[in-house]
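Q: Could you pick one part of this structure and take me through it slowly? I'm new to this, so plain words would help.

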Amino acid sequence: MSVESQSCGYAAAGPLVKPSWRLIPQIDQDPRLVAGLQDIGGRVVLCCAVGLFAVLFWQINIDFSAAGLALACAYAGRYRRVLILLATLLLLYRSGFLIDRGFIERLSIGEGVAGRIRPGLLEAVMPVVVFALFAGLLAMQGTGIFVFRRPTLSLLLAFLALVAMTQATIMAGMPRVVLWSFLMTFQPYLWFLAYGLADAGRKRSPAWWHLSVFHPFWGSSLTPFGKGLSYLDRFEAKTPEALAVTQLKGVKLAAWTLVLAIVRICLVDLVHGRLQLPAFDDNLLQYLAGHPGPRFVGWASLVSFFVEDMLSMTVFGGVIIATARLAGFRLLRNTYRPLESTTLAEFWNRYYFYYKELLVDHFFYPTFVRCFRGHRRLRMFFATFVAACVGNLLFHFIRDIHFVGEMGVWRAVVGEQSHAFYTFVLAVSVGLSQMRSAPRPASQGWLRGRLMPCLWVSSFFCLIHVFDAPLDREHSLGQRAEFLFYLLGVTT
Amino acid sequence: MTTTAAPEVRSQMRRYIAQRLLMKGDSAPLGDDDLLFTSGRLDSLDAVELIMSIETDHGINFSDIGFDLTRLDSISAIAALVGQPSAEPA
């Protein structure tokens with residue numbers, strides 16, 4: 001089997017111009033380097049190069065230290081699986097198993113049980129309970145019980161039911177704190193478990209293999225980078241030559257990510273430092289406080305926010321994927337030339353690949369194969385809508401579930417209004433784009449075939465950022481719409 | 001449902017997929033075991049077209065057999081899916 005380069009997979013319509021000069025040389029295609037990396041000397045050089053990258057990244061406040069663990073896993077031979085598990089556990093332990101400790105502390109005080117609770121004990125017990133539960137569920141998968149045949153749906157319903165239970169009066173005090181501790185320990189792994197259960201239903205593997213890639217040591221957000229075990233198996237280097245090529249691809253990506261991280265720092269310094277352009281959020285707050293800045297400043301801050309966000313996403317995903325590749329997993333990049341997208345659906349694919357995959361795997365396909373099978377266009381649109389709107393909204397609601405504990409269910413749901421509008425517009429637009437788009441022949445010319453569609457797609461995503469910016473729990477849909485109208489010149 | 005011999009399914013699928021790849025500007029060689037979706041050469045839109053094509057041509061209901069994209073991830077996998085008895089409707 002061969003895994004082609006990503007540039008091939010994401011080739012857009014229209015003539016592709018391949019530059020003869022490259023900033024980052026294609027070291028993975030040099031046979032001498034590939035051969036050299038298969039002996040001890042080459043591996044020592046690689047370790048030194050990775051160490052150098054870790055230092056350079058550290059200089060700009062980016063943690064690339066997991067790359068050392070990646071190299072250890074890559075060369076661990078038959079102990080590879082065990083080492084991946086230990087590396088993952090080590091980094092999870094270092095980050096307190098991703099439990100929002102501040103939230104639990106605030107809740108304990110609010111419930112009046114802060115004096116009776118031992119936070120250290122709770123934080124030690126809960127990960128054990130949650131991981132034992134995961135292991136049990138993974139072992140039971142494939143037994144034919146209904147909940148295991150629809151794992152994602154069952155998982156979401158169970159999680160949301162427990163969240164609803166936290167609101168019951170009878171749960172006041174210690175029970176509520178314990179239940180929230182369980183939920184906050186469970187939540188970072190929810191989508192990993194969804195992939196794990198889906199995988200376990202297809203192929204039997206020991207539960208600890210699945211658990212070893214729940215928030216794997218190479219990094220992740222709530223979105224699993226590398227999905228689950230079966231997906232990773234397909235990308236795992238099986239021969240010394242494949243491992244060498246994969247690691248060289250990792251080095252190449254690390255170098256490119258470093259360049260982009262520096263570009264981002266320079267851009268932020270130029271835009272917000274030298275040119276004194278306010279951040280998008282500050283601009284919005286100024287407008288809402290009745291002190292609107294010049295309209296062109298609003299546009300400039302929106303565009304700079306869009307560009308900075310894209311660079312941040314590329315750097316964030318680049319570090320993770322480079323580390324995974326150094327460990328021997330030839331994963332696709334998370335962000336790949338999003339500005340070259342000619343359709344809305346393609347932008348999503350290129351901007352945050354693993355998140356798009358999560359929505360497609362857990363919402364789009366299950367809906368597509370079940371609903372409106374006799375209506376081709378409606379079927380496509382509905383499945384896209386369920387993924388891009390319902391799935392997207394649910395994902396973010398669960399990601400920010402602490403708002404339910406802090407604000408109550410009603411206010412947390414109402415606080416989603418701006419994001420709900422964002423996902424609705426996105427889903428309808430992507431749905432229509434999916435229905436319209438068919439592979440186009442490369443004969444439309446560069447202007448009509450490439451530049452204009454790329455500009456339209458980028459402008460669309462830049463504009464709807466107004467409804468998807470970080471302050472979305474604090475400001476209403478109406479306030480954001482008002483700001484957009486101001487930018488568009490509809491209001492003053 | 002049409003019963004199609006495995007070699008014929010393979011060549012039919014190879015033609016269909018090669019055409020879709022070509023329309024996306026991908027003219028790289030296509031082997032029967034090459035990964036289509038997990039490699040990024042085809043995307044979810046292509047998967048949708050492929051699902052509908054298999055449903056129409058081979059009468060397979062993916063909701064009955066449990067949808068799994070890995071079963072469409074190569075020409076060989078598709079040929080195996082279309083050929084296996086459990087994929088055929090009752």
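A: Let's start with one alanine and work outwards. Setting aside its neighbours within four places in sequence, A:Ala322 is in contact with A:Gly250, A:Leu253, A:Ala254 and A:Thr257. Keep in mind as you look that this is a predicted model.

Where does A:Ala322 sit? You'll find it in helix α16 of chain A, which covers residues 295–326. Take A:Leu253 from that list of partners: along the chain, A:Ala322 and A:Leu253 are 69 residues apart, yet from C-alpha to C-alpha the gap in space is 5.6 Å. Is A:Ala322 buried or exposed? It has 32 C-beta neighbours inside 10 Å, and 20 or more is enough for the label, so A:Ala322 counts as buried.

Now for a pair of helices in chain A. Two packed helices are described by the angle between their axes and the distance between the axes. Helix α7 of chain A (residues 119–140) packs with helix α10 of chain A (residues 174–186) at an angle of about 60°, and their axes are 9 Å apart. That angle makes α7(A) oblique to α10(A). As for handedness, the crossing of α7(A) and α10(A) is right-handed. On the α7(A) side, the contact is made by A:Leu122, A:Met126, A:Pro127, A:Val129 and A:Val130, while α10(A) brings A:Ser181, A:Phe182, A:Thr185 and A:Phe186. Sort the residues of this contact by class and you get 7 nonpolar, 2 polar and no charged.

Zoom out a little and you can look at domains. The domain assignment of chain A gives domain 1 (95–235) and domain 2 (336–492). Their C-alpha centres lie 27 Å apart, and the contact between them takes 20 residues from domain 1 of chain A and 13 residues from domain 2 of chain A. Which elements give two or more residues to the domain 1 side? In chain A they are α6 (101–110), α9 (151–165), α10 and α11 (190–202). So α10 turns up again here, and the largest share of the domain 1 side, 4 residues, comes from α9(A). By class, that side has 13 nonpolar, 5 polar and 2 charged residues.

Next, a couple of backbone oddities. Most residues other than glycine have a negative phi. A:Asn61 has a positive phi, near 60°, and is not a glycine. You'll find A:Asn61 in the loop between α3 (40–59) and α4 (66–74) of chain A. A:Asn61 has 8 other C-beta atoms within 10 Å, so it is exposed. A:Leu98 isn't a glycine either, and its phi is positive at about 65°. A:Leu98 is placed in the loop between α5 (80–94) and α6 of chain A. With 16 C-beta neighbours inside 10 Å, A:Leu98 counts as partly exposed.

Last, a quick look at chain B. How many helices and strands does chain B have? It comes to 4 helices and 0 strands, and from the N terminus on, the elements run α-α-α-α. Of the 90 residues in chain B, 33% are buried. And if you take the contacts in chain B with a separation of 6 or more, 65% of them are between residues 24 or more positions apart.

Technical notes: Residues are numbered from 1 along each chain as its sequence is written. Chains are lettered from A and ligands numbered from 1 in the order in which they are written. This is a predicted model: local features need pLDDT of at least 70, side-chain atom pairs count only at pLDDT 80 or more; totals for chains, interfaces and linings use all residues. A residue is buried if 20 or more other C-beta atoms lie within 10 Å of its own, exposed if 12 or fewer, and partly exposed in between; C-beta atoms are placed from the backbone. Two residues are in contact if their C-beta atoms, placed from the backbone, lie within 7 Å. Axes are lines fitted to C-alpha atoms, for helices over the stretch in contact, and angles run from 0 to 180 degrees between N-to-C directions. Angles under 35 degrees count as roughly parallel, over 145 as roughly antiparallel, 65 to 115 as roughly perpendicular and the rest as oblique. A crossing is left-handed if the near helix is turned anticlockwise from the far one by less than a right angle, and right-handed if clockwise. Ala, Val, Leu, Ile, Met, Phe, Trp, Tyr, Cys and Pro count as nonpolar, Asp, Glu, Lys and Arg as charged, and the others, Gly among them, as polar. Domain bounds come from an automatic or database domain assignment.
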